[in-house]
Amino acid sequence: MARSHSRSRPGPTVAVLTAVALAVVAFFAYQANAAPDRPGASGKPEPAPTDEIVPDKPDGDEQEDPENPALPADSGEGVRVVYSLGEQRLWLVTEALDGLGEEVLHTYPAHRSTVDPQPGTYEVTRRDEAIPGSDGVPIQHVVVFHTDPEGIVFGFSAAVDGSLPDPSAQARTGGIRQSPEDSPQLWDFAEVGTKVVVVP
């Protein structure tokens, strides 16, 4: 008698396992696509964003303000007028409001005449609101701080007409000129006895 052979068909268990396997594969595929370090279109990993830190600029790289240059070194202490021969500039220096240290009230250009005073410490000896200058030009806000043995008078002033001294002139004069706009600041600041420091 011949035997009949029947082929078994996959049951429901196999179908369930297949579905679960497909779901797991799909899940891992999704995770791979969503990963933050997934290469971009260029094929290279995209760098994570970072907060860029810009280092502070060193103090030595700071540019000095040409309108307010620093007070010269070794220019004395206390309330004083500082006059730089090299920079042709005045600084009016007073004590800081908190009593600690000092501060510059004003600084501005000053223009030499034919003779310069020697570097050193002087004090205001005379003030004249308006007189004729040694070069014949009417001047105002005259603050005198030294007269040398030859009779040359050194002082700060402003020409009423705003003119400046001629350093190449033949006459030996010691007037140091300011502009009419700047001279009132020194006039109000430098009383008789105020220290004047002349630096190279």
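Visitor: Which residue of β6 is the bridge partner of Ala-130?
Guide: This is a predicted model, in which local features need pLDDT of at least 70 and side-chain atom pairs count only at pLDDT 80 or more, while totals for chains, interfaces and linings use all residues. Residues are numbered from 1 along each chain as its sequence is written, and side-chain values use heavy atoms, with hydrogens and water left out. Strand β5 (residues 126-132) and β6 pair in the antiparallel sense over 6 bridges; helices (H or I, at least four residues) and strands (E, at least two) are DSSP runs numbered from the N terminus, and two strands pair if DSSP finds at least two bridges between them. In β6, the residue bridged to Ala-130 is Gln-140.

Visitor: Which residue in the turn of the hairpin formed by β5 and β6 has a positive phi?
Guide: The hairpin of β5 and β6 leaves 5 residues between the two strands. In that turn, a positive phi of about 90 degrees belongs to Gly-136.

Visitor: Which residue in β7 does His-146 stand opposite?
Guide: β6 and β7 run antiparallel and are joined by 6 bridges. They form a hairpin with 5 residues between them, and Gly-151 in its turn has a positive phi of about 90 degrees. The residue of β7 that stands opposite His-146 is Phe-154.

Visitor: Which element provides the largest share of the lining of the largest pocket?
Guide: A pocket is found on a 1 Å grid over the protein atoms alone, as an open set of points where a 1.4 Å probe fits, with protein on both sides within 12 Å along at least five of seven lines, and its lining residues have an atom within 4 Å of a point. The largest pocket has a volume of about 270 Å³, and of its 22 lining residues the closest to the centre are Gly-133, Ser-134, Ile-139, Val-153 and Gly-175. At least two lining residues come from each of β5, β6, β7 and β8. The largest share, 4 residues, comes from β7.

Visitor: Which element gives the most residues to the largest nonpolar core?
Guide: A nonpolar core is a set of buried Ala, Val, Leu, Ile, Met, Phe, Trp, Tyr and Cys residues joined through side-chain atoms within 4.5 Å; buried means under 20% relative accessible area, exposed over 50%, and partly exposed in between (1.4 Å probe, protein chains only). The largest core has 22 residues, of which Val-81, Tyr-83, Leu-90, Phe-145, Phe-156, Leu-186 and Val-196 touch the most other members. Two or more residues come from each of β1 (80-84), β2 (89-95), β6 (138-147), β7 (153-159), α2 (183-189) and β9 (195-199). With 3 residues, the element that gives the most is α2.

Visitor: How many residues make up the second, separate core?
Guide: Leu-90 is in contact (heavy atoms within 4.5 Å) with residues including Val-81, Tyr-83, Phe-156 and Leu-186, leaving aside neighbours within four places in sequence. The second core is separate and includes Val-82, Trp-91, Val-93 and Val-197, and its number of residues is 5.

Visitor: Why does the salt bridge of Glu-102 and Arg-80 tie together separate parts of the sequence, and how many residues apart are they?
Guide: A salt bridge is a side-chain nitrogen of Lys or Arg within 4 Å of a carboxyl oxygen of Asp or Glu, and the side chains of Glu-102 and Arg-80 meet in one at 3.0 Å, N to O. Glu-102 lies in strand β3 (residues 102-109) and Arg-80 in strand β1, so the pair ties together parts whose separation in sequence is 22 residues.

Visitor: Is Arg-80 buried or exposed?
Guide: Its partner Glu-102 is partly exposed, with a relative accessible area of 39%. Arg-80, by contrast, has a relative accessible area of 0% and counts as buried.

Visitor: Which residue meets Arg-172 in a salt bridge?
Guide: Arg-172 is exposed, with a relative accessible area of 52%. The side chain that meets Arg-172 at 3.2 Å, N to O, belongs to Glu-150.

Visitor: How far apart in space are Asp-74 and Val-197, C-alpha to C-alpha?
Guide: Asp-74 is placed in the loop between α1 (12-34) and β1, and this residue is exposed, with a relative accessible area of 78%. Although Asp-74 and Val-197 are 123 residues apart in sequence, their C-alpha to C-alpha distance is 9.7 Å.

Conventions. Points joined across faces, edges and corners; volume = space filled by probe spheres on them.
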